[in-house]
Amino acid sequence: MMDVTLETFETEVVAASMEVPVLVDFWAPWCGPCKTLGPVLEKLEVEYAGRFKLVKIDSDQEQQLAAMFGIRSIPTCVLMMNGQPVDGFMGAQPEGQLRAFLDKHVPSAEVLEAETQEEEALDALAEGDTDAALEKLQHAVATDPANDDARFDYVRLLLQLGREDDAKVAFAPVITKADTSRRLSALKAWMDALDFIAVSAHGESAGADFDAKIAANKRDFEARFGRARWLMARQRWQEAMDELLEILMRDKSWNDEAARKAYVAVLEIIAPPPVKVADGQIPPEDPVVATYRRRLSSVVLS
């Protein structure tokens, strides 16, 4: 808990709420209910262990802030998230109702733990420690099964390591979401390519077989698409996109835009995690991803 003034409001409330929910308690020293509510809020701040931040504003001393929020009675509490007020209540509330109020907005301990594990996993990957990254991502998914970002990173890493069966098991709980999530759809496209190669028994000679068909007929889109999937299965991403572009340059709508969809899937798969930059700065885009995005736009919009 900390006391906030007009001078510190922007930093301690608005900016802070971009990172964690901030509960603003408007009170006054003479207010009896405030003396009841305050200690309970302070207790909950400790118990929630960083899942929200509690600040107190003396409405008598900081009348400009009180007026800005339209405070007409105290205690009044306002919850700030992403720089904006999202909810609030007036009067001293029992602890159970306060917990219910907070739990509507404050991320659970499991969600925060999963996010931490995912960040640590990406740091481990950047350092080349694949085993540690895999362990942390597995823990993140187990802790918060609804964290699709962590699941994407986990399944992608399993596929990169050739652990296809494990990847399919990890992907199964979200397979129905693949139609509405670009990232999950990308993983499905990769696994579909692997299944296509396995079922069709396309081995190392498949590249030459596809090349022969394409040489005989440059508009053999089935062969080109098969070759692109064969390249995807081998994680030869740029070659796969080059082949998909050959289809798009000749027939953008072929097979319900299958080539464009596969191309977009590859871009999602190869895109690295965003680089951490200072607040207000835009992270740089991976040069390979940027180049192939431009190439796709050029072909699709031509």
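Two strands pair here if DSSP finds at least two bridges between them. Helices (H or I, at least four residues) and strands (E, at least two) are DSSP runs, numbered from the N terminus. By these terms, strand 1 and strand 3 run parallel and are joined by 2 bridges.

The model is predicted: local features need pLDDT of at least 70, side-chain atom pairs count only at pLDDT 80 or more, and totals for chains, interfaces and linings use all residues. Residues are numbered from 1 along each chain as its sequence is written, and side-chain values use heavy atoms, with hydrogens and water left out.

## Overall shape

The chain has 14 helices and 5 strands. Its radius of gyration is 26 Å, well over the 19 Å that the globule rule gives for 302 residues, so the chain is more spread out than a compact globule. The radius is taken over C-alpha atoms, and the rule is 2.2 Å times the number of residues to the power 0.38. Along the principal axes, the C-alpha atoms fill a box of roughly 90 × 40 × 35 Å.

Buried means under 20% relative accessible area, exposed over 50%, and partly exposed in between (1.4 Å probe, protein chains only). Of the 302 residues, 40% count as buried. The chain exposes about 15,900 Å², and carbon and sulfur atoms supply 51% of that area. The areas come from the Shrake-Rupley method with a 1.4 Å probe; for residues, only the protein chains shown count as cover.

A contact means heavy atoms within 4.5 Å. Among contacts with a separation of 6 or more, 63% come from residues 24 or more positions apart.

## The sheet

The 5 strands form an open sheet in the order 1-3-2-4-5, with mixed pairing. Strand 1 (2-3) and strand 5 (84-90) stand at the edges, each with a single partner strand, so one side of each is left without a neighbour in the sheet. Strands of a sheet pair through backbone hydrogen bonds, either parallel or antiparallel.

| Strands | Sense and bridges | Residues opposite |
|---|---|---|
| Strand 1, strand 3 | parallel, 2 bridges | Met2, Val55 |
| Strand 2, strand 3 | parallel, 6 bridges | Val24, Val55 |
| Strand 4, strand 5 | antiparallel, 6 bridges | Met80, Pro85 |

Strand 3 is mostly covered: 6 of its 6 residues are buried. Lys53, Val55 and Ile57 are buried on one side, and Leu54, Lys56 and Asp58 on the other.

Strand 2, helix 2 (residues 32-47) and strand 3 make a right-handed β-α-β unit. Right-handed means that, with the strands pointing away from the viewer, the path from the first strand over the helix to the second runs clockwise.

## Helices on the sheet

Axes are lines fitted to C-alpha atoms, for helices over the stretch in contact, and angles run from 0 to 180 degrees between N-to-C directions. Helix 1 (residues 6-15) lies across strand 1, strand 2 (22-27), strand 3 (53-58) and strand 4, at about 150° to strand 3. Helix 4 (residues 95-105) lies across strand 2, strand 4 and strand 5, at about 165° to strand 5.

## Backbone details

A cis peptide bond joins Ile74 and Pro75, with omega about 0°. Pro75 sits in the loop between helix 3 (63-68) and strand 4 (76-81).

Asn255 is not a glycine, yet its phi is positive, about 55°. Asn255 lies in helix 13 (residues 254-270). Its relative accessibility is 44%, so Asn255 counts as partly exposed. Glu257, also not a glycine, has a positive phi of about 60°. Glu257 lies in helix 13. At 31% relative accessibility, Glu257 counts as partly exposed.
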